[in-house]
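User: Could you take a close look at the backbone here? I'd like to know where the geometry does something out of the ordinary, and what surrounds those spots.

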Protein chains: 2
Amino acid sequence: MNVYGEHINRLIEEFHKLPGIGGKSAQRLAFYIIGQKEERAEALANAILAARRGVKYCSVCCALTDVDPCAICSNTKRDSRTIMVVEDSRDMAAYERTNEYIGNYHVLHGAISPMNGVGPNDLRIKELLSRVNDNEVDEIILATNPNVEGEATAMYISRLLKPLELNVTRIAHGVPVGGDLEFVDDITLARSLEGRRPILS
Amino acid sequence: MNVYGEHINRLIEEFHKLPGIGGKSAQRLAFYIIGQKEERAEALANAILAARRGVKYCSVCCALTDVDPCAICSNTKRDSRTIMVVEDSRDMAAYERTNEYIGNYHVLHGAISPMNGVGPNDLRIKELLSRVNDNEVDEIILATNPNVEGEATAMYISRLLKPLELNVTRIAHGVPVGGDLEFVDDITLARSLEGRRPILS
């Protein structure tokens with residue numbers, strides 16, 4: 001039974017298509033929008049269109065950006081000889097929040113996943129290779145996710161880079177800071193032992 | 001540090017303003033939109049604008065609707081002499097899903113809540129009274145929420161309707177179907193006892 005009418009139903013449907021938004025949340029969002037001032041609804045609609053239309057890929061690091069090259073690639077204070085390879089822009093933002101990294105990035109936009117039909121050619125790996133060939137690079141840090149796809153992608157890229165005799169590193173695996181050893185899974189515990197380091201005192 | 005650029009940040013902010021959408025969800029939604037075809041982003045943006053601009057209040061029952069009077073009020077097969085008073089359109093949709101109710105509705109758009117500055121004049125109570133005065137009505141079912149605000153609103157309306165000598169009822173309180181008595185709160189248990197009915201066998 002069509003209680004709400006076409007406009008509301010269509011808005012509920014569109015919200016429902018978004019990831020992580022169930023039927024109830026979609027309804028709540030739709031009624032929230034209808035209850036807001038028209039300017040608020042317009043601000044959201046315009047932000048959606050502007051982001052979808054205005055965002056492009058950085059021609060250097062392939063990150064999503066408003067300006068090309070992106071703010072990080074065009075920042076001459078950063079170390080352009082170190083490139084951290086991440087799966088997507090959110091991972092880049094996560095490392096930026098640490099304020100510990102001053103090198104540049106390269107965004108793959110995914111990880112190799114034969115199950116999901118994602119092969120090396122679907123990622124920005126070609127761009128990484130030509131970037132490494134055309135510029136002076138000291139170190140490539142492979143910071144893909146610590147899961148099966150991410151590990152496979154890191155392994156694949158490290159093999160491609162081997163002939164170039166670069167310093168290729170992988171981010172450390174180990175127990176997360178603030179965690180409780182009791183609840184850490186076996187593989188992570190094994191990795192934390194394998195990757196143990198001398199205490200410098 | 002502005003990693004994402006203005007367009008993406010603005011979209012994340014706009015999503016973050018929606019109820020129940022936290023920072024991480026807002027990011028995920030923004031990147032999902034950017035990764036979709038432009039038509040999909042346009043469909044969402046247009047649905048938001050169309051719903052906000054095209055939806056109006058039914059002149060009979062005050063429900064949100066595309067056409068006035070709404071589909072329920074203009075359905076002559078329904079019993080217009082019974083009016084169920086609900087807080088919002090979602091409650092109406094919930095009762096419609098039961099397929100048990102064939103009367104009409106009246107949507108208050110809220111409940112009396114002095115804490116939130118919502119008084120009787122902010123609700124569609126005037127409209128209910130003139131509707132009851134101008135039409136033949138047999139029964140008013142007060143189906144506001146079973147919480148403090150909803151009970152206060154039901155009480156307020158029932159007092160207003162008293163002089164009209166109508167049949168004014170309140171939906172039953174009791175144990176929910178499929179529930180486990182052990183986990184039902186004390187007040188609900190007390191209400192279930194108070195409202196006990198003879199078994200017709």
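Analyst: Here is a walk through the unusual backbone spots, chain by chain. Keep in mind that this is a predicted model.

Some background to start with: most peptide bonds are trans, and most residues other than glycine have a negative phi. Two kinds of spot go against that background.

Let's take the peptide bonds to begin with. In chain A, Asp68 and Pro69 are joined by a cis peptide bond, with omega at about 0 degrees. A:Pro69 sits in a loop, the one that runs between strand 2 (64-65) and strand 3 (79-86) of chain A. Over in chain B, the bond from B:Asp68 to B:Pro69 is cis too, and its omega is near 0 degrees. B:Pro69 belongs to the loop between strand 2 (64-65) and strand 3 (79-86) of chain B.

Now for phi. A:Glu165 isn't a glycine, yet its phi is positive, at about 50 degrees. You'll find A:Glu165 in the loop linking helix 6 (148-161) to strand 6 (167-170) in chain A. Is that side of things buried or exposed for A:Glu165? A:Glu165 counts as exposed because its relative accessibility is 74%, and the cut-off for exposed is over 50%.

Chain B has its own case: B:Glu165, also not a glycine, has a positive phi near 50 degrees. B:Glu165 lies in the loop between helix 6 (148-161) and strand 6 (167-170) of chain B. With a relative accessible area of 73%, B:Glu165 is exposed.

Terms used:
Residues numbered from 1 in each chain as written. Chains lettered and ligands numbered in written order. Predicted model: local features only at pLDDT ≥ 70, side-chain atom pairs only at ≥ 80, totals over all residues. Heavy atoms only, no water. Helix = DSSP H or I, 4+ residues; strand = E, 2+ residues; numbered from the N terminus. Buried < 20%, exposed > 50% of the residue type's maximum accessible area, 1.4 Å probe, protein only.
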